[in-house]
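Reader: Let's go through this one together. I'll ask, you answer.

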Protein chains: 2
Amino acid sequence: VKLLTLARDLQRRKAREKQGQFVAEGVRTVESLLASPLTVQGLLVTAAAREEARVLRLCEGAAGRGIAVHEVTRAEFDSAADTDAPQGVLAIADIPTAPLPAPGRSGGRYLVLDALQDPGNVGTVVRTAAALGVTATVSLPGTVDCWNAKVVRSAMGALFTHPVVALDWEALRAVFAAHDVACWAADMEGSPLDALDRHLLPPHLALIVSNEGAGLSPHLEAAVAGRVAIPMAPGTESLNVAVAAGILLYALRPATSGAEPVA
Amino acid sequence: VKLLTLARDLQRRKAREKQGQFVAEGVRTVESLLASPLTVQGLLVTAAAREEARVLRLCEGAAGRGIAVHEVTRAEFDSAADTDAPQGVLAIADIPTAPLPAPGRSGGRYLVLDALQDPGNVGTVVRTAAALGVTATVSLPGTVDCWNAKVVRSAMGALFTHPVVALDWEALRAVFAAHDVACWAADMEGSPLDALDRHLLPPHLALIVSNEGAGLSPHLEAAVAGRVAIPMAPGTESLNVAVAAGILLYALRPATSGAEPVA
């Protein structure tokens with residue numbers, strides 16, 4: 001029952017920060033977690049869920065690696081789950097503590113989240129950064145906790161392999177200065193993306209994306225070296241932040257990225 | 001009370017198809033609707049909502065144009081609303097019936113939705129297509145009804161100005177043949193996007209996006225003239241469909257689009 005108490009406790013951000021642990025819910029997410037390098041502390045499963053072959057396999061795999069698997073009642077499970085219709089399996093794992101990775105030799109790309117509040121959007125943004133081969137994602141203060149159950153779910157496993165680091169701006173600026181990473185902001189008033197020559201981009205580049213409504217946080221205004229805008233049709237104003245991040249990260253990818261054949 | 005009955009009825013797809021009308025909920029969405037060329041039949045508003053200056057302005061503006069504004073109780077409003085926490089204002093409007101627009105002289109771009117089921121994703125996809133200056137979006141059978149309240153909400157007004165047309169594949173194929181529109185599919189097994197020369201693209205191009213899990217519908221397999229893939233980092237599998245559509249539509253934009261200064 002200790003795992004159950006822990007899982008319930010980890011619904012609160014303060015508890016996640018104190019324990020250095022988080023909860024991942026759902027069959028597919030737990031499968032991705034077990035396949036990742038993260039340290040898994042234990043699983044909670046309902047009797048009904050364990051009757052499904054896929055969940056049984058998952059539980060047996062975990063138990064075979066010495067990971068605790070506790071069966072709980074439906075009511076107990078629901079008290080720890082974040083979803084409305086939980087699938088009856090969740091895992092508790094350690095939040096990775098590795099520092100922000102330095103840019104690789106072929107060119108680093110970072111995504112920086114400035115006060116993004118919607119957990120579903122943040123999860124999709126992280127999934128996008130991972131798929132596009134971004135070096136790491138940084139969440140600045142004011143951004144929803146990336147280990148929130150809803151972020152974890154919508155990231156669809158990306159959080160378990162793609163480095164996501166919470167840093168304040170002063171610390172991030174120091175790391176970027178040390179590694180010569182240029183910091184640009186997505187900004188509707190910026191230079192049009194399609195006027196940029198991708199082969200003249202800084203070798204190491206960070207892109208800051210902000211809350212759609214609020215725009216760039218005031219203390220970042222003076223700190224960014226460039227601003228870039230996605231050209232939009234007249235009469236339209238904005239894109240979903242995950243869509244905007246995807247377009248910008250793709251268009252600003254390094255000239256020689258491992259994820260792509262060079263045209 | 002007739003408007004209330006109608007609004008309740010329009011929660012069903014069959015009723016929307018029969019009446020040729022849909023419901024738009026929320027202050028901002030109703031504002032966008034009233035600012036659009038669509039024909040608005042009436043508004044429902046609660047007394048509490050009407051006390052807000054912004055809602056009052058909206059109701060007065062509508063009434064000034066001869067649009068019926070009916071006050072209903074909270075319980076009545078909730079019975080017609082799709083959201084969990086409705087803002088107390090909704091509008092009933094006519095679904096546009098214009099045929100699929102032909103490609104413009106500067107190059108047409110179409111987005112085709114193949115069996116996309118998630119209303120939130122479809123709304124974000126339509127919003128993306130509108131912002132990127134796509135000529136029109138087509139929903140093929142098997143796709144969620146674009147006039148579903150949740151699609152309308154997540155499209156954030158894009159449905160009121162960007163043409164969205166429901167067509168079956170045979171009808172669409174005939175239109176595309178008549179206007180010389182090439183049909184490509186987003187497909188993980190396709191040619192890498194970054195190996196394409198944007199200046200050698202067909203002048204008129206349609207992009208088909210499919211359900212993330214299911215892939216391209218079998219009857220479309222043989223019909224597409226090309227397949228294109230977004231290069232992804234090793235170990236990652238997919239992008240959210242709205243993010244993928246955004247990257248592809250941006251990268252495959254016409255060489256001279258009205259929405260962009262040419263680099």
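**Salt bridges, interface, confidence**

Reader: Start with Glu31(A). What is its relative accessibility?
Author: Glu31(A) sits at 28% relative accessibility, so it counts as partly exposed. Keep in mind that this is a predicted model.

Reader: Which residue does Glu31(A) form a salt bridge with?
Author: The partner is Arg54(A). The closest N and O atoms are 2.7 Å apart.

Reader: Where do the two lie in the chain?
Author: They sit in distant parts of chain A, 23 residues apart. Arg54(A) is in helix 5 (residues 53–64) and Glu31(A) is in helix 3 (residues 27–34).

Reader: And Arg54(A), buried or exposed?
Author: In between. Arg54(A) has 38% relative accessibility, which counts as partly exposed.

Reader: Over to chain B. How far apart are the closest N and O atoms of Glu31(B) and Arg54(B)?
Author: They are 2.7 Å apart, and the two residues form a salt bridge. This pair also links distant parts of its chain: Glu31(B) belongs to helix 3 (residues 27–34) of chain B, Arg54(B) to helix 5 (residues 53–64), with their positions 23 residues apart.

Reader: What is the relative accessibility of Glu31(B)?
Author: For Glu31(B) it is 27%, so partly exposed. Arg54(B) is partly exposed as well, at 39%.

Reader: How many salt bridges are there over all chains?
Author: The count is 20. One of the others joins Glu170(A) to Arg173(A), with the closest N and O atoms 3.4 Å apart.

Reader: Why are Glu170(A) and Arg173(A) separated by about one helical turn?
Author: Because they are three residues apart in helix 9 (residues 169–178) of chain A. Arg173(A) is partly exposed, with a relative accessible area of 40%.

Reader: Which residues of chain A are linked in a network of salt bridges?
Author: Asp187(A), Glu221(A) and Arg227(A) are linked that way.

Reader: New topic: the interface. How many salt bridges go across between chain A and chain B?
Author: Zero. There are eight residue pairs in polar contact across it, with both residues at pLDDT 80 or more.

Reader: What area do the two chains bury between them?
Author: About 2,600 Å², and 63% of that is on carbon and sulfur atoms. On the chain A side, Arg127(A), Asp194(A) and Tyr250(A) supply 23% of the area buried against chain B, more than any other three residues.

Reader: How many residues does each chain put into the contact?
Author: Chain A gives 32 residues and chain B gives 32.

Reader: Back to those polar contacts. Which helices of chain A are on that side?
Author: The interface has eight residue pairs in polar contact at that confidence. On the chain A side, helix 7 (119–131) and helix 11 (241–251) each supply at least two residues. Helix 11 gives the largest share, six residues. By type, the chain A side divides into 19 nonpolar, seven polar and six charged residues.

Reader: Tell me about helix 11 of chain A. How many of its residues are buried?
Author: 11 of the 11, so helix 11 is largely enclosed by the rest of the structure. Among them are Val241(A), Gly246(A), Leu249(A) and Tyr250(A).

Reader: What caps its N-terminal end?
Author: Asn240(A) does. A side-chain oxygen of Asn240(A) lies 2.7 Å from the backbone nitrogen of Ala242(A).

Reader: Now Val126(A). Where does that residue lie?
Author: In helix 7 of chain A. Val126(A) is buried, with a relative accessible area of 0%.

Reader: What does Val126(A) touch?
Author: Ala155(A), Ala158(A), Leu159(A), His162(A) and Val164(A), leaving out residues up to four places away in sequence. Val126(A) and Leu113(A) are 13 residues apart in sequence, and their C-alpha atoms are 9.6 Å apart.

Reader: Last topic, confidence. What does chain A average?
Author: A pLDDT of 93, with 97% of the residues scoring at least 70. Among the elements of chain A, strand 6 (residues 136–139) has the highest mean, 98, and helix 10 (residues 218–221) the lowest, 88.

Reader: Where is the pLDDT below 50?
Author: Over residues 258–263 of chain A. That stretch has 15 contacts in the model beyond near neighbours in sequence. Where pLDDT is low, predicted coordinates should not be read in detail.

Reader: And what are the ipTM and pTM?
Author: The model scores ipTM 0.92 and pTM 0.93.

Key. Residues are numbered from 1 along each chain as its sequence is written. Chains are lettered from A and ligands numbered from 1 in the order in which they are written. Side-chain values use heavy atoms; hydrogens and water are left out. A salt bridge is a side-chain nitrogen of Lys or Arg within 4 Å of a carboxyl oxygen of Asp or Glu. Helices (H or I, at least four residues) and strands (E, at least two) are DSSP runs, numbered from the N terminus. Buried means under 20% relative accessible area, exposed over 50%, partly exposed in between (1.4 Å probe, protein chains only). Contact means heavy atoms within 4.5 Å. Buried area is the accessible area (1.4 Å probe) that two parts lose on being put together, summed over both. A polar contact is a pair of N or O atoms within 3.5 Å; within protein, one must be able to donate a hydrogen and the other to accept it, and residues adjacent in sequence count only if both atoms are side-chain atoms. Ala, Val, Leu, Ile, Met, Phe, Trp, Tyr, Cys and Pro count as nonpolar, Asp, Glu, Lys and Arg as charged, and the others, Gly among them, as polar. pLDDT is the predictor's confidence in each residue, from 0 to 100.
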